Amino acid sequence: MKKSASWAPAPNLKVLAVERNETDWTVSVNGQDPATCPLCGIRSISRHSSYRRTLHDLPAQGTPVTVRARLTRWRCRNDQCERRIFGERLPRLAAPFARRTARLAGIVRLFGHGAGGRPAERLMARLGMPVGHTTTLRDVKRSARTHADPALVRVAGIDDWAWRKGMTYGTVIVDLERRRVVDLLPDRSAASTAKWLKGRPEVEVVSRDRAGLYAEGAREGAPQARQLGRFEAPIREAPVPAVKDETGPELSVAQGPGGRSDTAEHRHFARRARRAAHQALFDQIRAHYDAGKTVTAIARELGLGRRRVDRWVRLIVLPERNSMAPKASTPAYHEAFLSRRWAEGTTAVRRLFGDIRQRGYTGSYSHLARFLAPWRNIARPLDGMSGRPPSPSNYETPVPSPTLDPMTGRQISPLTAAALCVKPRGQMTPRQILIVDALKAASAEFATMRQLAIRFRGLLRGGPLEKLDVWLRDAHLSGIYAMRRFVRTLRQDIGAVRNAVLEPWSNGQTEGQINRLKTLKRAMYGRAGIELLRARMIPLHESDLHRE
Ligand SMILES: [Zn+2]
């Protein structure tokens, strides 16, 4: 039988021996001769000396492989050449001075980029490629540093991301055409954005949020580019007025002497409505259950928790409200008292906690804090002037009646309402549709806002500019304060809004990338520096896997 002996770590290397040691395979090789001077390209046959080079290679049968090469130093005999002596290179195996073969280095970078330092270290150790995490990350960083992405960025999406929420911010730049992150800047400023854009004269479109900062940076750094404003969620900037908390004591009580009794009456009706809603839901669950559906199926269909359905199917009649009434251990039991204190200006949880403890509250501090949190949100004025005490003047929109979730009979939170206000019907669950319908029925304002918001979404998908003008007029005439403010904001940046309507690019994917960034940041336990974060956000350079 004839054996092929032609295997070698790279062509042109002569394998002298392959040995299995305790920890690895060692392949001893000799270099080739003669060699070519790397500077002048002329071949040399005069040996100067020899040296050894050790390279870690890809594993064989799960065991690390080490290549030990005996290589020659040559004299360059070309008089014109500045190089006198040169070492033999291994262009098909490893980069000069590298301690790993190019193919191993590529895998190390791939693991480091995808999994991060320590997970990569663990995985690679198991696979027969023992490389420390610091080395791995250093390689990932170096690769990101040295391999500038050669592709031209025509459409750039720019957004900020939080290093530490509310403290320091960075900037992420996404190539919206190729859907990849092209850079991460360590700060959020017009200057750094402008500087980045100046280095990229090919940029034709800049999609940015409406922070004046990036608009300014783009104007300065890329005057040639069209700017697209991102105005995707008018509602987020304009909290839905229709769903203030029914308890909102600062609303009714502060309005005058009649306020308190209004609140009480109001609460009475709210309770009755809640009871009716509970009953309806209960009947629905019973009907489904009697029809032979499983608890899981009912829960899924009605969008309820399984445990609740499970509890209710055991009952024949809905228990009286009393048995569900708040107990002294819950903050809700002390709601009337709390709302009075709140209206008087006592909003510190610590104080209120002490107060209701004296009145028999046995629950926890955190429970109370959670209970009060929505009050605080309401108290925060709608126009973003935080820190001002709640006063009726902050609410220029009329306060409509509270809206209850038709399924659970609970108050619909402003956050839910705001999110649903902009959500297209086609993307909603049956339960969300019910909630939206309830909100619309309860508040004409919500209905109008929703209609405007959905129309605005449609506009951003592209359409004739005239539609934008019609929309701006309608929104302005809607009489809703938040909408009028939004229209005003849009008008201040109308060029960018028009471009956003005309151009197909949306910054939505930038937000997706920011989510990825958050995940990465969390996985690094916040210890990572900007360089590593950047290296891992930018796609690994493809040729890294093949190049030396
Ligand atoms: Zn030479």
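In strand E9, the residue that serves as bridge partner of Gly-157 is Val-174, and this pair offers a convenient way into a model that, as should be said at the outset, is predicted. The bridge belongs to a longer partnership, for strand E8 (residues 155–164) and strand E9 (residues 168–175) pair in the antiparallel sense over 8 bridges.

These two strands are part of an open sheet of 5 strands, whose order is E10-E9-E8-E11-E12 and whose pairing is mixed. Strand E10 (180–185) and strand E12 (226–229) stand at the edges, and because each of them has a single partner strand, one side of each is left without a neighbour in the sheet. If direction is ignored, neighbouring strands of this sheet are turned by 25° against each other on average. Helix H4 (residues 190–198) lies across E8, E9, E10 and strand E11 (205–208), and the helix runs at about 130° to E10.

The loop between E9 and E10 holds Arg-179, a residue that has a positive phi of about 55° although it is not a glycine. Most residues other than glycine have a negative phi. Arg-179 counts as exposed because its relative accessible area is 57%, which lies over the cut-off of 50%. A second residue of this kind is Phe-97, which is not a glycine either and has a positive phi near 70°. Phe-97 is placed in the loop between strand E7 (85–87) and helix H1 (102–115), and with a relative accessible area of 78% Phe-97 is exposed.

Elsewhere in the chain there is a zinc ion, whose protein donors are the SG atoms of Cys-37, Cys-40, Cys-76 and Cys-81, lying 2.2 to 2.4 Å from the ion. Along the sequence these donor residues follow the spacing C-x2-C-x35-C-x4-C. The arrangement around the zinc ion is tetrahedral because the 4 donor atoms subtend angles of 100 to 116°. Among the donor residues, Cys-76 counts as buried because its relative accessibility is 3%, and Cys-81 is buried with a relative accessible area of 6%.

Stepping back to the whole chain, the reader can count 22 helices and 12 strands, and of the 548 residues 43% are buried. Among contacts between residues at least 6 apart in sequence, 58% join residues at least 24 apart. The accessible surface of the chain comes to about 29,400 Å², and 52% of this surface belongs to carbon and sulfur atoms.

How values were computed:
Residues numbered from 1 in each chain as written. Predicted model: local features only at pLDDT ≥ 70, side-chain atom pairs only at ≥ 80, totals over all residues. Heavy atoms only, no water. Donors = N, O, S within 2.8 Å, 3.2 Å for Na, K, Ca; no water. Tetrahedral: all angles 85-135°; square planar, octahedral: opposite > 155°, others 65-115°. Buried < 20%, exposed > 50% of the residue type's maximum accessible area, 1.4 Å probe, protein only. Pairing = 2+ DSSP bridges. Helix = DSSP H or I, 4+ residues; strand = E, 2+ residues; numbered from the N terminus. Axes fitted to C-alpha atoms, helices over the stretch in contact; angles between N-to-C directions. Contact = heavy atoms within 4.5 Å. Areas by Shrake-Rupley, 256 points an atom, 1.4 Å probe, with all protein chains shown as cover.
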